[in-house]
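Let's take a friendly look at a protein model together. Keep the 3D view open as you read, and try to find each residue when it is named.

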Amino acid sequence: MFQPTFCPACATPLAHIELVEDSGPTTRLRCPACDWTHWNNPTPVLAAIVEYRGQVLLARNAAWQHKMYALITGFMEAGETPQGGIAREVKEETNLDASAVTLVGVYDFQRMNQVIIAYHVVADGEVALSPELVDYRLYDLPALKCWPAGTGYALADWLRSRGHAPEFVEWPRPAAPTA
């Protein structure tokens with residue numbers, strides 16, 4: 001998570017300052033010179049359970065160390081609706097066109113200070129991955145495994161809505177350091 005060091009308004013070093021807010025005394029990064037406040041509000045992230053030709057498409061990000069596959073995700077942009085944003089993300093990352101976009105739910109992802117807005121997206125076309133992704137796999141619903149984090153909970157809820165009992169897997173753990 002990004003934590004600013006200096007005030008973007010006057011360049012004074014920020015400090016943890018307690019002030020009384022609507023909910024009571026709250027300590028936040030604030031500017032002691034001009035009273036600017038770093039609110040540190042969660043960022044909205046869009047996620048898609050992409051249904052493609054009767055299967056669910058999961059993709060692997062180029063930056064991931066482990067060979068994990070997950071939902072298509074991305075940040076909402078200014079001036080777009082969440083539904084339009086997830087359709088754009090699916091197009092940008094997979095080249096698929098969304099023909100139906102349905103809300104699955106909203107999930108907290110506090111570790112990343114994000115709020116995930118998850119959708120079921122029926123998509124058509126030919127898959128062509130963006131450079132951000134290195135691989136994809138198509139899964140039948142009974143073969144899907146969920147993971148214990150925001151988008152994994154969204155997938156679990158969607159599977160339940162389709163009459164499937166979700167199965168959770170453990171996250172890959174980093175290898176222990178060797179001497």
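## Thr37 and its neighbours

Leaving aside residues up to four places away in sequence, Thr37 touches Arg28, Leu29 and Arg30. Keep in mind that the model you are looking at is predicted. Thr37 is found in strand β3, which covers residues 37-38.

With one of these neighbours, Arg30, the side chain of Thr37 makes a polar contact of 3.2 Å. Is Thr37 buried or exposed? Its relative accessible area is 10%, so Thr37 counts as buried.

## Cysteines without a disulfide

How many disulfides does a search of the whole structure find? The search finds 0. Cys31 is a good residue to check by eye: the nearest cysteine sulfur belongs to Cys10 and is 3.4 Å away, and Cys31 is in no disulfide. Two cysteine sulfurs count as a disulfide when they lie within 2.5 Å, so a pair at 3.4 Å is not counted.

What would such a link be? A disulfide is a covalent bond between the sulfur atoms of two cysteines.

Now look at accessibility. Cys31 has a relative accessibility of 1%, so it counts as buried. Cys146 is buried too, because its relative accessible area is 0%.

## Salt bridges

The structure holds 10 salt bridges. One of them joins the side chains of Glu21 and Arg28, with 2.8 Å from N to O. Arg28 is also one of the residues that Thr37 touches. Glu21 has a relative accessible area of 17%, so it is buried, whereas Arg28, at 22%, is partly exposed.

Another salt bridge brings together the side chains of Arg53 and Glu126, at 2.7 Å from N to O. Which parts of the chain does this pair link? Arg53 sits in the loop between β4 (43-52) and β5 (55-61), while Glu126 is in the loop between β8 (114-124) and β9 (133-139). These distant parts of the chain place the two residues 73 residues apart. Arg53 has a relative accessibility of 59%, so it counts as exposed. Glu126 is exposed as well, because its relative accessible area is 53%.

## A network of charges

Finally, find Arg88 and Glu89, whose side chains meet in a salt bridge of 3.0 Å, N to O. Both residues, Arg88 and Glu89, are buried. They also belong to a wider group: Glu77, Glu80, Arg88, Glu89 and Glu92 are linked in a network of salt bridges.

Terms used
Residues numbered from 1 in each chain as written. Predicted model: local features only at pLDDT ≥ 70, side-chain atom pairs only at ≥ 80, totals over all residues. Heavy atoms only, no water. Buried < 20%, exposed > 50% of the residue type's maximum accessible area, 1.4 Å probe, protein only. Salt bridge = Lys/Arg side-chain N within 4 Å of Asp/Glu carboxyl O. Helix = DSSP H or I, 4+ residues; strand = E, 2+ residues; numbered from the N terminus. Polar contact = N/O pair within 3.5 Å; in protein donor to acceptor, adjacent residues only side chain to side chain. Contact = heavy atoms within 4.5 Å.
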